[in-house]
Each structure stands twice: as C-alpha cells, then as structure tokens.
Amino acid sequence: MIRCYCPSDEEGLFTLWNTAGTKLGFAPLSLEKFRQLLTRHPHFSPDYTFVLEEGGAVLGFVNGCTGDDIPKGDVRGYLSCLILAEEADTDENTALLLSRLEDAFRKAGRAYSAVTFFNPIRLPWVIPGTPGHQHNNAPGIALDIPLHGRMCSQGYREATRECAMYLDLSEYERPDWLEEKAENMAREGYHVERYDPALHTGLEEMVEALGNAMWSAEIPAAGKAGMDLLVGLKGNTCAGFTGPVYPEETGRGYFAGLAVAPQYEGHGLGTLLFYRLLDREKQVGAQYMSLFTGEDNHARFIYLGAGFRIVRRFGVMLKEL
C-alpha cells in the first residue's frame with residue numbers, strides 16, 4: 001500500500017535512511033539531524049511525502065517539495081529522495097512512488113518534476129574513497145544507483161550531467177606560478193581581495209547579471225554581513241566572486257560557487273579566485289573541499305589543475321508532467 005506520510009512514520013523513515021539510504025551513499029544521520037534536514041525541515045510536507053507500507057512495516061518512501069518561494073518552484077516540483085528497503089527495492093515500487101509524487105505535483109499545478117540543486121531540502125552523502133567526508137547536497141541522481149536508470153525508464157531525461165570533485169586540503173600546496181600570475185594581472189588592474197563594501201562597488205549588480213537566483217540571494221547578503229567573501233576586481237569594481245569562506249561542521253570548506261562576469265573573462269580572474277579560496281579555506285581550518293561542476297564546464301580544468309579528482313557523477317533529472 002502506498003499512502004501519505006503521517007508523523008508516526010518518522011521512525012520508519014529514519015531507519016530506512018540509515019540502512020537502505022546509506023547503501024545508496026547517503027550520510028548516516030542522528031535522529032536530531034535527520035529531523036533537521038528532512039522531516040522537520042521548513043519545506044517538508046506530508047502532501048509531497050509518500051510511504052510504501054506492507055504488513056504494517058514501512059518499506060520505502062519518497063519525498064519532494066515545491067512552492068513559489070523556491071527558485072522555479074512556481075512551475076516545478078522537486079524530488080528530494082526515494083529510498084526502498086532491500087526486500088522492496090524493485091522497478092515496480094520505484095515507479096509507484098514516483099507516480100504518487102508526480103500526481104501530487106500535478107494537483108498543485110506544477111508542470112515539471114525535477115531533481116536539481118534548486119531543491120531547498122539538502123541531503124548529505126559520503127564522498128567515495130574518503131574517510132567519511134561528506135558533501136552537503138546532490139544536484140541530481142547519482143549514476144551509480146538503480147534509481148537513475150529507473151527514472152529514465154519512467155520518462156525523466158538528463159537535462160545535464162554534473163561531476164562531483166574532491167580535494168584533501170592537507171595535500172594542497174599553493175603552486176609556485178600563482179604569485180607571478182597575480183603580479184601580471186595586477187599590472188592590468190585585476191586582483192582578488194576580501195570584499196569591503198566601503199571600497200568595492202557593483203557586487204549586487206554583478207551577481208544579478210550572472211542570472212543565478214541562489215547566488216543573488218546569498219552572495220550580496222554575505223557581503224553585507226561582513227562574511228569572508230572573496231571578489232575578483234577590475235580596479236575597485238566587482239568582476240567576479242567566490243566564497244563565502246568558512247568550514248562546515250563536517251570539516252568541508254564551504255563553496256557557494258565561482259563566477260566571473262562575462263565582460264571580465266579571459267584575464268585569469270577565475271583561476272586566481274579559486275586558488276585564493278583554497279588558501280583561505282585551509283587557513284580557517286577546513287579539512288577538505290568538494291564541489292560540483294558541469295561535465296562541459298571549462299572551470300573543471302581549473303579544479304583538476306588544483307588537484308581535485310572526480311569522485312561521482314550525477315544526472316540533473318527533469319520530467320514534463
């Protein structure tokens with residue numbers, strides 16, 4: 001039987017997370033953390049959470065969310081996770097849970113079901129080949145689990161593909177050529193500094209022009225709050241950004257993104273920003289860095305050059321309802 005979630009299901013969902021979920025790569029969680037990230041999250045709703053029950057036991061569940069306050073949430077519903085116990089882990093049960101969630105999105109007037117980083121319910125996973133290091137979210141469905149192929153068979157398509165990349169910061173050393181590059185760029189008026197609203201102009205306009213709703217919400221606010229935000233500058237005009245810089249509780253160096261405004265590309269700002277970020281994250285005590293980038297994103301070569309390696313691949317999934 002597939003039915004809507006009720007509060008008494010929380011223990012069953014928590015058990016599934018730390019058994020079948022961890023086998024899919026999700027990070028093991030305490031009950032308190034599980035509640036914070038999922039069942040007590042502000043965007044969690046029983047209207048978009050469905051349970052597979054058999055003989056009174058919870059053998060699977062799917063969760064999603066939507067809302068006009070989420071980027072593109074006026075037209076999309078977002079799938080957060082779908083987990084099935086080993087004995088119930090079949091194509092049929094996956095299709096049944098997906099169908100119930102999609103029907104709920106249709107009822108809410110949404111045109112698409114999607115799995116992307118725009119989902120505010122952010123669920124951590126363990127980075128393969130590391131001592132339990134975690135990334136705080138996924139931009140899609142991992143290619144190495146059955147759910148990816150099952151979703152494709154149910155009408156989902158890959159809108160794009162993302163590479164998860166990782167670097168142990170204890171192994172990172174600033175390259176010898178970096179300071180010479182920075183000196184050459186400075187002669188052209190390009191440099192990287194910590195953002196200072198009293199000195200630097202155009203941060204909000206630069207971020208807005210990049211067309212990323214999440215950056216528009218986070219980056220100017222970080223600058224106003226005095227966080228350790230790095231900006232690429234042409235003179236005193238903001239031409240790019242990375243940061244804000246701080247270690248997460250897992251030891252991961254936080255990474256919101258890296259971007260250079262199109263009119264300032266081609267001068268090395270992206271490379272210099274990224275290496276300055278690695279320096280600062282290591283200085284503030286971060287143990288490692290992890291990030292996502294598109295398979296066709298040129299920035300991938302900056303990350304590889306800095307010593308990052310690709311550890312997992314994810315499909316950004318989309319289905320028209």
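**View 1. Two cysteines without a bond.** A disulfide is a pair of cysteine sulfur atoms within 2.5 Å. Keep that cut-off in mind as you look at C4 and C6 in this predicted model. The sulfur of C6 lies 9.4 Å from the closest cysteine sulfur, which belongs to C4, and that is too far for a bond. The model as a whole has zero disulfides by this rule, and C4 is in none, its nearest cysteine sulfur being that of C6. Are these two residues buried or exposed? Neither word fits: C4 is partly exposed, with a relative accessible area of 41%, and C6 is also partly exposed, at 28% relative accessibility.

**View 2. An enclosed space inside the protein.** Here we turn to empty room within the fold. Rolling a probe the size of a water molecule over the atoms shows where empty space is left. The count comes to one cavity of 30 Å³ or more. The largest cavity holds about 280 Å³ of space. Its lining is made of 23 residues, and those closest to the centre are F26, S80, A138, G140 and I141.

**View 3. What the cavity wall is made of.** Which element gives the largest share of the lining? That is β4, with four residues. At least two lining residues come from each of β4 (76–84), β8 (141–142) and β16 (309–320). By type, the lining divides into 16 nonpolar residues, six polar ones and one charged.

**View 4. Helix α4 and its cover.** This helix spans residues 146–153, and its buried residues are L147, H148, R150 and M151. An α-helix has 3.6 residues a turn, so residues three or four places apart point the same way. As you look around α4, you will find its buried residues covered by elements including β4, α3 (91–107), β5 (112–115), β8, β9 (157–168) and β16. Just after the helix comes G155, which takes a positive phi of about 100 degrees.

**View 5. Strand β9 and its partners.** Follow β9 and you will meet β16, to which it is joined by nine bridges, the two strands running antiparallel. For one of the pairings, find T160, whose bridge partner in β16 is V316. Strand β9 is also joined to β15 (residues 288–294), by seven bridges and again in an antiparallel arrangement. Which residue of β15 stands opposite Y166? Look for S290. Two of these strands link back to earlier views: β9 and β16 are among the elements covering the buried residues of α4, and β16 also supplies part of the cavity lining.

Definitions and conventions: Residues are numbered from 1 along each chain as its sequence is written. This is a predicted model: local features need pLDDT of at least 70, side-chain atom pairs count only at pLDDT 80 or more; totals for chains, interfaces and linings use all residues. Side-chain values use heavy atoms; hydrogens and water are left out. On a 1 Å grid over the protein atoms alone, a cavity is a set of points where a 1.4 Å probe fits but cannot get out, and a pocket is an open set with protein on both sides within 12 Å along at least five of seven lines; lining residues have an atom within 4 Å of a point. Grid points are joined across faces, edges and corners, and a volume is the space filled by probe spheres set on the points. Ala, Val, Leu, Ile, Met, Phe, Trp, Tyr, Cys and Pro count as nonpolar, Asp, Glu, Lys and Arg as charged, and the others, Gly among them, as polar. Buried means under 20% relative accessible area, exposed over 50%, partly exposed in between (1.4 Å probe, protein chains only). Contact means heavy atoms within 4.5 Å. Two strands pair if DSSP finds at least two bridges between them.
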